[in-house]
Amino acid sequence: MTLAVFACDAARTHGRQHPETPAPTRTEFQRDRDRIVHSTAFRRLVYKTQVFLNHEGDLFRTRLTHSIEVAQLARSIARPLQLNEDLVEAIALAHDLGHTPFGHAGQDALNECMREHGGFEHNLQSLRVVDKLEERYPVFDGLNLCFETREGILKHCSQANALKLEAQDPGGVGRRFLERTQPSLEAQLCNLADEIAYNAHDIDDGVRSGLITLEQVAQVPLFGRYCSEARSEHPHLQGRRLLYEAIRRMLSALVYDVIAATRERLDELRPADADGARALPPLVAFTEAARADSAALKRFLFANLYRHSRVMETTGQAQEVVRELFAAYLARPAEMQAGFAARADTARAVADYIAGMTDRYALREHERLTGRRLLTATIP
Ligand code: MG
């Protein structure tokens, strides 16, 4: 794999927090990817909600399949731009490790519970998982990943938390939020691949669930264009095959758009190396037209799917589960697993414990501690 001068090169990584001897056959970023795939948090993603609750149907995306789709899209874009494919794969597979059970509903509820204790941010939690919470190595906590992988995982961070990170680790992954610079091109790419992935798969899952119809999404210009294109080339196409063909065309168009727009910016600004790219404005981007199209699709999904009354109903109950779990463990820390129960920072330990749960484990624990079964209608 030939890398562009502005790509992150594993041979010139900014390093790991605990120095390690190089692996004989793998690059540092390949090694990071392998550590992520073998982590406990990664396996839990299979039972965590993306949009639809994990137990509502077997074919909906989960955090795991979403992460794999993001990795696929990110690699497809990285290769022609000669960015580091191994690094984008590592970042993409790890980007959602800190998500709570029950998707955004769970995260909002946990953030609310943690209001007096420093709040809860899922990007920062993903970093906590790989830096502290995984327990797999004899001499350090976490997975001891490279700076570049950790930088990509910390997609957003509040100023307050960036200051804390900077105090613990000067010049580390918190620094860019204080200096308002960009992360590596590989990290920028993963953000965009995430957006492309969820816009596309949420159309699929939304239509599959029956909460939105194909005709309704076809009103959105971006999707409508590829739906008409598919229909005119294949007049007999209908139902799921029409949906898949339209999504396939839309995905390809967005991927090619990012590649072309990014090439243009790179040609214009010519970063000399990976650090040079970090000092410039964002370089991995859609064309202006595709950006507006993608934003319109996002607004449609927000209004018609994420805020659909049936989704909102489960959202309310999921938040109740998280709030009541939080209150129960805070009052009786011994109800948690020993390692969490023994911690002195009780509220943060409770947040870490709940954030790590799968949807179904959270429901089981909630029933055990409160005697109430929520979200029962859909429990198998
Ligand atoms: Mg994501």
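The following paragraphs lead through a metal site, an enclosed helix and two loop residues of a predicted model.

The magnesium ion is a suitable starting point. Its protein donors are the NE2 atoms of H66 and H95 together with OD atoms of D96 and D194, at 2.2 to 2.7 Å from the ion. Along the chain these donors follow the spacing H-x28-H-D-x97-D. The site thereby links distant parts of the chain: H66 belongs to helix α3 (residues 63–81), whereas D194 belongs to helix α10 (residues 185–209), 128 residues apart. H66 has a relative accessible area of 0% and is therefore buried, as this term applies to values under 20%. D194, with a relative accessible area of 7%, is buried as well.

Helix α18 (residues 346–355) may be considered next. Nine of its ten residues are buried, so the rest of the structure largely encloses this helix. Among the buried residues are R348, D352 and Y353, as well as A347, V350 and I354. The buried residues of α18 pack against α5 (103–113), α6 (122–133), α16 (309–331), α17 (338–341) and α19 (359–370).

Finally, the backbone deserves attention. Most residues other than glycine have a negative phi. Q82, although not a glycine, has a positive phi of about 55 degrees. This residue, Q82, is found in the loop between α3 and α4 (85–94). N144 also has a positive phi without being a glycine, with a value near 50 degrees, and N144 is found in the loop between α6 and α7 (147–153). Are these residues buried or partly exposed? Q82 is partly exposed, with a relative accessible area of 35%, whereas N144 is buried, with a relative accessible area of 4%.

Key
Residues are numbered from 1 along each chain as its sequence is written. This is a predicted model: local features need pLDDT of at least 70, side-chain atom pairs count only at pLDDT 80 or more; totals for chains, interfaces and linings use all residues. Side-chain values use heavy atoms; hydrogens and water are left out. Donors are N, O and S atoms within 2.8 Å of the metal (3.2 Å for Na, K and Ca); water is not among the atoms, so sites may look incomplete. Helices (H or I, at least four residues) and strands (E, at least two) are DSSP runs, numbered from the N terminus. Buried means under 20% relative accessible area, exposed over 50%, partly exposed in between (1.4 Å probe, protein chains only). Contact means heavy atoms within 4.5 Å.
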